Amino acid sequence: MATLRNLKIKTGTCRRILKELHSYEKEVENEAKKTANMKDSGADPYDLKQQENVLAESRMMIPDCHKRLESSLADLKGTLAELKEADEQGLELGEAENIITEVETLFQAAE
């Protein structure tokens, strides 16, 4: 059975993965700039290749984060629905709804 504590944990999980996703997006942006700067300055081909690998690895983390966030979001929505059905009250419900809205907005923007 769903509890407010479960909801709080799942809300926290969603929030953490969302933060992680933003962090990877920022990292990709920074690594892309660094790669472009290296190309422009005619960096050593080996160093450039290494930098391109770093960029590729960073880019690979984003879809993984998206999948985990989708799964976490579905889990959170299920728990929230159960608690609403049971007529639970609490600040946790509002926090969960806020994070759900934030994640859904992010997904719509990504489409």
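Which helix is Ala74 found in? Select Ala74 and you land in helix 2. Before you go on, keep in mind that this is a predicted model.

**Stop 1: Ala74**

With 49% relative accessibility, Ala74 counts as partly exposed; the exposed class begins over 50%. Now add Ala96 to the selection and draw a C-alpha to C-alpha distance. The two alanines sit 22 residues apart in sequence, and the gap in space is 12 Å.

**Stop 2: the helix pair**

Next, colour residues 4–40, which form helix 1, and residues 45–85, which form helix 2. Their axes come within 8 Å and cross at roughly 160°. That angle is over 145°, so helix 1 runs roughly antiparallel to helix 2. Turn the view until one helix lies in front of the other: the crossing of helix 1 and helix 2 is left-handed. What kinds of residues make up the contact of helix 1 with helix 2? Colour by residue type there, and the contact divides into 21 nonpolar, 9 polar and 12 charged residues.

**Stop 3: Thr35**

Stay with helix 1 and pick Thr35, which is found there. Is Thr35 buried or exposed? At 4% relative accessibility, Thr35 counts as buried, since the cut-off for that class is under 20%. Show its surroundings as sticks: leaving aside residues up to four places away in sequence, Thr35 touches Leu48, Gln51, Glu52 and Leu55.

**Stop 4: the cysteines**

How many disulfides does the structure hold? The count is 0. Select Cys14 to check: Cys14 is in no disulfide, and the nearest cysteine sulfur, that of Cys65, is 12 Å away. A disulfide is a covalent bond between the sulfur atoms of two cysteines. Looking back from Cys65, the closest cysteine sulfur is the one in Cys14, and 12 Å is too far for a bond; a pair would have to be within 2.5 Å to count. Switch on the surface and see where these side chains went. Cys14 is buried, with a relative accessible area of 0%. Cys65 also counts as buried, at 0% relative accessibility.

**Stop 5: Asp87**

Last, move to Asp87, in the loop between helix 2 and helix 3 (91–110). What is the phi of Asp87? Its backbone has a positive phi of about 65°, although Asp87 is not a glycine. Leave the surface on for this one: Asp87 counts as exposed, because its relative accessibility is 60% and the cut-off is over 50%.

Terms used:
Residues are numbered from 1 along each chain as its sequence is written. This is a predicted model: local features need pLDDT of at least 70, side-chain atom pairs count only at pLDDT 80 or more; totals for chains, interfaces and linings use all residues. Side-chain values use heavy atoms; hydrogens and water are left out. Axes are lines fitted to C-alpha atoms, for helices over the stretch in contact, and angles run from 0 to 180 degrees between N-to-C directions. Helices (H or I, at least four residues) and strands (E, at least two) are DSSP runs, numbered from the N terminus. Angles under 35 degrees count as roughly parallel, over 145 as roughly antiparallel, 65 to 115 as roughly perpendicular and the rest as oblique. A crossing is left-handed if the near helix is turned anticlockwise from the far one by less than a right angle, and right-handed if clockwise. Ala, Val, Leu, Ile, Met, Phe, Trp, Tyr, Cys and Pro count as nonpolar, Asp, Glu, Lys and Arg as charged, and the others, Gly among them, as polar. Buried means under 20% relative accessible area, exposed over 50%, partly exposed in between (1.4 Å probe, protein chains only). Contact means heavy atoms within 4.5 Å.
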